[in-house]
Amino acid sequence: FVTGSGGNGKSHVTRTILDFFEKHYGDQYSQKVGVCAPTGIAATHVNGTTIHSATGIGVPKCQEDFRRMHQGFRKELWTKLVEVLIIDEISMLSGEWLDNLERMLRELTHYYGRGAFQQYLRMPMKDIPAFGGIQVVVVGDFYQLPPIPATIHGETFQRLDHGLFHAQHIPKDSHTKKIYFLIICCCLWSARLNSHKRKPPC
């Protein structure tokens, strides 16, 4: 777990870790090391991809969606190839999301084994190492970016119905509300960052 406040050198340490694995794995680096982040912008900073894309989960709406990792080439990727998982901006992933990912990696290892020699195959789930035996490196600061919410609370839309959306004459269909609400949130969040003082996470 690599952490620290803004400007403390997390990105430099992350780059050093990535450089080490590139030298260690050589031509197999892209298969052996999964470099991810919760959002596309964050992923570009580490030359990786979103964790939703890398795992094939997409944007899950229920626990069953995590079973998409059983489909296609991804079950081979996460049981036979990937040995290291690096997640940047870990604070943007909820604890529930991470718990489900961990459980699914152990489940994949239970059914298909780990590596070429199928280590842990059919072993009881509780005896399989965390994340199915994959080495996990997480980077981030829990004092900064919070987890990305899956949905917008219904009461928020009700307040908007009687306030902003009536006042601005914005179409009231649900899709348009979400777009304008996200724009407003981005503006408020940007303003908060500009005048932000570090506080303990809730």
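Visitor: In this predicted model, what is the relative accessible area of Asp19?

Guide: Asp19 is neither buried nor exposed, since those classes lie under 20% and over 50%. Asp19 is therefore classed as partly exposed, with a relative accessible area of 31%.

Visitor: With which residue does Asp19 form a salt bridge?

Guide: Asp19 lies in helix H1 (residues 10-25), and its partner is found four residues apart in that helix, about one helical turn from Asp19. The partner is partly exposed, with a relative accessible area of 29%. The closest N and O atoms of the pair are 3.1 Å apart, and the residue that joins Asp19 in the salt bridge is Arg15.

Visitor: How many salt bridges are there by this rule?

Guide: The rule asks for a side-chain nitrogen of Lys or Arg within 4 Å of a carboxyl oxygen of Asp or Glu. Arg15 and Asp19 satisfy it at 3.1 Å. The salt bridges counted by this rule number nine.

Visitor: Which residues are linked with Arg67 in a network of salt bridges?

Guide: Arg67 meets the side chain of Glu64 in a salt bridge, at 3.5 Å from N to O. Arg67 is partly exposed at 31% relative accessibility, whereas Glu64 is exposed at 53%. The network links Arg67 with Glu64, Arg103 and Glu107.

Visitor: Which residue forms a salt bridge with Asp65?

Guide: Asp65 is buried, with a relative accessible area of 12%. Its partner counts as partly exposed, at 30% relative accessibility. The closest N and O atoms lie 3.4 Å apart, and the partner is Arg68.

Visitor: Which residue has its backbone nitrogen 3.1 Å from a polar atom of the Glu102 side chain?

Guide: Glu102 is part of helix H6 (residues 95-112) and is buried, with a relative accessible area of 14%. Leaving aside residues up to four places away in sequence, Glu102 touches Pro129, Ala130 and Phe131. The backbone nitrogen at 3.1 Å from the Glu102 side chain belongs to Phe131.

Visitor: Which elements make a right-handed β-α-β unit?

Guide: Strand E3 (residues 84-87) and strand E4 (residues 135-138) run parallel and are joined by four bridges. In this pairing Leu85 has Val136 as its bridge partner, and Val84 stands opposite Gln135. Together with a helix, the two strands complete the right-handed unit, whose members are E3, H6 and E4.

Visitor: What is the bridge partner of Val33 in E3?

Guide: Strand E1 (residues 33-37) runs parallel to E3, and four bridges join the two. Within E3, the residue paired with Val33 is Val84.

Visitor: Which residues point the other way from Val84 and Ile86 in E3?

Guide: In a regular strand the side chains alternate between the two faces of the sheet. Val84 and Ile86 share one direction, and all of the residues concerned are buried. Pointing the other way from E3 are Leu85 and Ile87.

Visitor: Against which elements do the buried residues of H5 pack?

Guide: Helix H5 spans residues 74-81, and its buried residues include Leu77, Trp78 and Thr79. The elements that the buried residues of H5 pack against are helix H2 (29-32), helix H4 (51-55), E3 and H6.

Technical notes:
Residues numbered from 1 in each chain as written. Predicted model: local features only at pLDDT ≥ 70, side-chain atom pairs only at ≥ 80, totals over all residues. Heavy atoms only, no water. Buried < 20%, exposed > 50% of the residue type's maximum accessible area, 1.4 Å probe, protein only. Polar contact = N/O pair within 3.5 Å; in protein donor to acceptor, adjacent residues only side chain to side chain. Contact = heavy atoms within 4.5 Å. Pairing = 2+ DSSP bridges. Right-handed = clockwise from strand over helix to strand, strands pointing away.
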